[in-house]
Amino acid sequence: MGMLIDGNWESGKDKLIDDKGRLQRPQSVFRHWITADGSAGPTGEGGFKAEPGRYHLYVARACPWAHRTTIFRQLKGLQPLIGLSVTHWLMADEGWTFKDAPGVIPDPLHGADNLWQIYVKSEPHYTGRVTVPVLWDMRTQRIVSNESADIIRMFNSAFDDAGAIEGDYYPAPLRAEIDAVNQRVYDGLNNGVYKAGFADSQAAYDEAVTGVFDTLDWLEERLSASHWLCGDTLTEADWRLFTTLLRFDLVYHGHFKCNLRRLVDYPALWAYTRRLYAHPAVAPTVDFDHIKRHYYQSHRHINPTGIVPKGPEIAFG
Ligand SMILES: N[C@@H](CCC(=O)N[C@@H](CS)C(=O)NCC(=O)O)C(=O)O
């Protein structure tokens, strides 16, 4: 791993673990919003109007946070409006790169070799982590946002009069419920698996893994009684959960030691994951090879040999 310090890439820097061995995920830094008319969004500055061909999205197929954004790009039919680049699966000393490999889509705008170069183009003295996803504005030559939770909200509605297809995954009457579910799923599961996997002490791991399975148990109960997380309406909350569930048995169960139970051991959750997987927006966004290689080869402090396990065999389809 590494990070940018005053615009310079420094490999080996890792400030994510606190003195109790717990992962502390930093807040995203770029928090502007694309809006239909260019007015300011909930955070950041205005001036980012929804216009076809103006924005570009950088993702890693492995990353569950970035995966939300590519699903929303598909759901809303934004592929012709917003360009896409895909990094190499390996995140090592140089951070995310665009090294040539199957599934990689290079950077057409700057010909960047590394994702950090895009951060520096936006912010020459940037200090902080270089994460995916990144939403880039070609007009102002700046990063609009590197926060997936915000990017999916923009994609959900900002382009509705600029060529997006129909669909509202954050409908007003359900917002309070969606927000509450999101919070619990984020703390216990989306981020919980990372807290378990990156824990540097037994106590930190124990706490995190307990939270992971408490959350899965709670979700199993909820989904035994309802089709989607918020009743009969498929919402943002489902998609935010899905990208973690998809990776659960493949990497979190083994690599992150979340192994009390497997996802396939939860009948309602497993059926729900397969229902979401069957949605036509999903297939173009999934690369199992990138997912497995990324986790097992990038986190050498957890898996020093970098060996990628053959299994498990999972029938999503
Ligand atoms: N809050 C961010 C988190 C994104 C994130 O942590 N992405 C990971 C990949 S899964 C990353 O790029 N990590 C690189 C690093 O921390 O140096 C979001 O949801 O957009």
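This report walks through the domains, the nonpolar core, the ligand surroundings and a few individual residues of one predicted model.

Because the model is predicted, local features need pLDDT of at least 70 and side-chain atom pairs count only at pLDDT 80 or more, while totals for chains, interfaces and linings use all residues. Residues are numbered from 1 along each chain as its sequence is written.

**Two domains and their contact**

Let us start with the overall layout. The chain is assigned domain 1 (2-157) and domain 2 (172-287), with bounds that come from an automatic or database domain assignment. Their C-alpha centres lie 23 Å apart. Across the boundary, 18 residues of domain 1 are in contact with 20 residues of domain 2; contact here means that C-beta atoms, placed from the backbone, lie within 7 Å.

On the side of domain 1 that touches domain 2, helix 1 (64-75) and helix 3 (148-157) each supply at least two residues. Helix 1 gives the most, with 7 residues. Helices (H or I, at least four residues) and strands (E, at least two) are DSSP runs, numbered from the N terminus. By class, this side of domain 1 has 7 nonpolar, 6 polar and 5 charged residues. In that scheme Ala, Val, Leu, Ile, Met, Phe, Trp, Tyr, Cys and Pro are nonpolar, Asp, Glu, Lys and Arg are charged, and the others, Gly among them, are polar.

The UniProt annotation "domain: GST C-terminal", from an unreviewed entry, covers residues 171-298. Over residues 171-298 the chain is 66% helix and 0% strand, and the end C-alpha atoms are 38 Å apart.

**The nonpolar core**

The largest nonpolar core has 87 residues, and those with the most contacts inside it are Val132, Ala196 and Leu269. Such a core is a set of buried Ala, Val, Leu, Ile, Met, Phe, Trp, Tyr and Cys residues joined through C-beta atoms within 7 Å. Helix 7 (residues 236-252) provides the largest share of this core, 10 residues. At least three residues of the core come from each of domain 1 (2-157) and domain 2 (172-287). Leaving out residues up to four places away in sequence, Ala196 touches Tyr205, Ala208, Val209, Val212, Phe256, Lys257 and Cys258.

**Around the ligand and the annotated site**

The ligand is surrounded by 13 residues, the closest being Cys63, Trp65, Arg129, Thr131 and Ser148; a residue is counted if its C-beta atom, placed from the backbone, lies within 6 Å. This shell has 7 nonpolar, 4 polar and 2 charged residues. The UniProt annotation "binding site", from an unreviewed entry, covers Trp96, Arg129, Val130, Thr131, Val132, Glu147 and Ser148. Such annotations may be inferred rather than shown by experiment.

**Three loop residues**

A residue is buried if 20 or more other C-beta atoms lie within 10 Å of its own, exposed if 12 or fewer, and partly exposed in between, with C-beta atoms placed from the backbone.

| Residue | Loop between | C-beta atoms within 10 Å | Class |
|---|---|---|---|
| Thr131 | helix 2 (115-122) and strand 5 (134-137) | 23 | buried |
| Glu147 | strand 6 (142-145) and helix 3 | 23 | buried |
| Gly47 | strand 2 (8-11) and strand 3 (55-59) | 16 | partly exposed |

Beyond residues up to four places away in sequence, Glu147 touches Ser28 and Arg31. With that same exclusion, Gly47 touches Gly38 and Thr140. The C-alpha atoms of Gly47 and Thr35, 12 residues apart along the chain, are separated by 8.5 Å.

Conventions:
Two residues are in contact if their C-beta atoms, placed from the backbone, lie within 7 Å.
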